[in-house]
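Biologist: I am new to this structure and would like a close look at a single part, the surroundings of the ligand. Please take it slowly, and then follow the chain outwards from there.

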Amino acid sequence: MSAPRGVAMLGSLALIAVVIGAAAAAFAYTAGWLSPRRLTPDKFVAAFAPPTGPSLGHRRNHAKGICFTGVFEANGAGAELSRAQVFARGQYPVLGRFNLGTPDANAADATVRVRGLGISIATPDGQDWRSAMINPPFFPVATPQAFYALLRASGSRDPNAMPAFAAAHPEFAKFGEWAKNAPWTGSYAEERFNGINSFVFIDASGVERVVRWSLMPAAQPVPVAPDELANRGPDFLEQEIAQRVADAPQRWTMAVIVANAGDRTADPSKPWPADRRTIEVGTLIAQHVQAERDGPCRDINFDPTVLPSGMRTSDDPFPAARSAAYAKSYDLRTAEAKDYSRSATEVKP
Ligand code: HEM
């Protein structure tokens with residue numbers, strides 16, 4: 001027996017209202033509105049901003065940088081670990097960016113402790129491997145939540161904020177030691193850049209292994225005191241790398257480190273013991289340097305979850321958190337293009 005028409009109509013309207021209500025609630029949940037303590041990309045990105053505000057038009061972290069192009073020369077050894085084409089012997093084009101770990105696009109180079117490198121390696125099968133690495137050998141904290149707490153504490157006016165943070169996150173002390181004691185160098189070309197997060201490589205038979213990777217410089221690192229670096233001017237790193245690459249291509253060996261069973265794969269503040277199996281899979285060669293303002297790295301997002309088939313994310317929670325924050329930063333900075341004008345010679349429509 002069918003219900004009277006009016007009742008059926010009310011029933012359908014109620015159902016539509018329930019569906020819309022559920023969709024709105026799901027959206028609000030995803031956006032973090034229903035759970036004020038939830039860590040969202042918006043909160044993360046806002047937490048990087050210095051008191052004077054973000055550098056509009058620039059990346060919300062690692063804001064100062066310079067583009068390069070070059071190649072990744074795979075020696076074939078990585079094919080044992082991953083079926084990704086990037087490890088088949090051959091040369092693949094690279095788009096990259098040398099950068100400094102600061103939200104201030106005008107920071108003086110000698111004032112920034114962490115240096116970074118972003119790369120995107122494209123292969124003929126249409127796949128892309130993106131990675132953004134830094135020169136410390138481990139991350140300051142164990143979880144994305146702890147990183148957010150660190151940003152909040154370091155930006156706080158409360159003199160007890162940092163001591164309280166350090167007390168609650170004992171792993172942070174190790175990073176302090178690195179920052180104090182690791183030598184500074186005068187060149188991006190002399191830095192070792194570490195991927196730090198763990199990922200899973202899948203070989204041709206489907207066997208999975210958890211790995212991390214690093215780029216080891218061919219150039220011999222020459223330690224230089226920070227005061228001496230300050231005398232070289234606010235932009236010495238960009239000037240030096242532009243000149244150095246113009247004189248000769250600069251190289252880094254890519255090493256893949258394989259975890260042993262039982263290694264801490266989810267915590268980037270814990271480096272694995274030095275005796276872990278390490279395979280040199282190829283060489284990154286920087287061939288041309290270009291200013292970021294008009295350069296090819298300006299509008300790319302070096303999202304660490306952009307991986308070719310043959311690689312995937314692991315139980316390390318950072319890459320997903322990074323991906324969400326980088327997308328937010330990318331959306332903001334590309335919408336602010338007018339605040340970071342391209343060079344005056346550009347023909348405007
Ligand atoms: C949850 C933790 C992290 C957050 C929220 C975060 C946030 C950010 C943001 C917002 C950007 C700017 C992205 C853009 O506009 O394209 C950025 C860039 C960068 N980050 Fe992170 N980051 C995190 C962890 C890491 C880690 C673990 C590493 C190194 C292993 C790293 C290395 C870099 C590098 C090298 C860049 C510059 C990439 C480029 O040149 O475009 N970050 N980060």
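Modeller: A donor, in what follows, is an N, O or S atom within 2.8 Å of the metal, and since water is not among the atoms, a site may look incomplete. This is a predicted model, and everything below should be read with that in mind. By this criterion, the iron atom of the ligand has a single protein donor, the OH of Y326, which stands at 2.2 Å. Y326 belongs to helix α8, a run that covers residues 318-335. The side chain of Y326 also approaches the ligand in another way, for one of its N or O atoms is 2.7 Å from a nitrogen atom of the ligand.

Around this point there is a wider shell, made up of 24 residues, of which R59, R97, Y326, S329 and R333 come nearest to the ligand. Two of the arginines in that group can be described further. In R97, an N or O atom of the side chain is 2.6 Å from an oxygen atom of the ligand, and in R333 a polar side-chain atom lies 2.7 Å from a ligand oxygen. As for the elements that build the shell, α2, β2 (90-100), β4 (128-134) and α8 each give two or more residues to it. The largest share is that of α8, with seven residues.

It is worth staying with R97 for a moment. This residue sits in strand β2, and because its relative accessible area is 2%, R97 counts as buried; that value takes only the protein chains as cover. Besides its approach to the ligand, the side chain of R97 reaches the backbone oxygen of H62 at a distance of 2.9 Å. H62 lies in the loop that runs between α2 and β1 (64-74), and although H62 is not a glycine, its phi is positive, at about 50°. Most residues other than glycine have a negative phi, which gives a reader some reason to look at this loop with care.

From here we can turn to helix α2, which was named above as one of the contributors to the shell. In α2 (residues 41-48), the buried residues are F44, V45, A47 and F48. They lie on the same side of the helix, because the arc they cover around its axis is only 160°. As a rule, an α-helix has 3.6 residues a turn, so residues three or four places apart point the same way. Among the elements that cover the buried residues of α2 are α3 (144-154) and α8, so α8, the helix that holds Y326, has a part both in the shell and in the packing of α2.

Helix α3 carries the picture further out. Its buried residues are P144, A146, F147, Y148, L150, L151 and A153, and they pack against α2, α4 (161-168), α5 (172-181) and α8. The loop between β4 and α3 is where N135 is placed. With a relative accessible area of 10%, N135 is buried. If residues up to four places away in sequence are left out, N135 touches R113, V114, R115, W178, E191, R192, F193 and N194.

The chain holds two further spots that a careful reader may wish to find. I196 lies in the loop between β5 (193-194) and β6 (199-202); like H62, I196 is not a glycine and yet has a positive phi, here about 65°. Its relative accessibility of 7% means that I196 counts as buried. In strand β7 (residues 208-217) there is R209, which at 22% relative accessibility counts as partly exposed. The side chain of R209 is joined to that of D203 by a polar contact of 3.3 Å. Beyond its neighbours within four places in sequence, R209 is in contact with residues that include E80, L81, F199 and V258. R209 and N260, which are 51 residues apart in sequence, have C-alpha atoms 8.9 Å apart in space.

Finally, the whole chain gives these local views their setting. It has eight helices and ten strands, and of its 349 residues 46% are buried. Among the contacts with a separation of 6 or more, 75% are between residues 24 or more positions apart. The accessible surface of the chain amounts to about 17,300 Å², and carbon and sulfur atoms account for 59% of it.

Terms used: Residues are numbered from 1 along each chain as its sequence is written. This is a predicted model: local features need pLDDT of at least 70, side-chain atom pairs count only at pLDDT 80 or more; totals for chains, interfaces and linings use all residues. Side-chain values use heavy atoms; hydrogens and water are left out. Helices (H or I, at least four residues) and strands (E, at least two) are DSSP runs, numbered from the N terminus. Buried means under 20% relative accessible area, exposed over 50%, partly exposed in between (1.4 Å probe, protein chains only). Contact means heavy atoms within 4.5 Å. Accessible areas come from the Shrake-Rupley method with a 1.4 Å probe; for residues, only the protein chains shown count as cover. Donors are N, O and S atoms within 2.8 Å of the metal (3.2 Å for Na, K and Ca); water is not among the atoms, so sites may look incomplete. The arc is that of the directions from the helix axis to the C-beta atoms. A residue is near a molecule or strand if one of its heavy atoms lies within 4 Å of it. A polar contact is a pair of N or O atoms within 3.5 Å; within protein, one must be able to donate a hydrogen and the other to accept it, and residues adjacent in sequence count only if both atoms are side-chain atoms.
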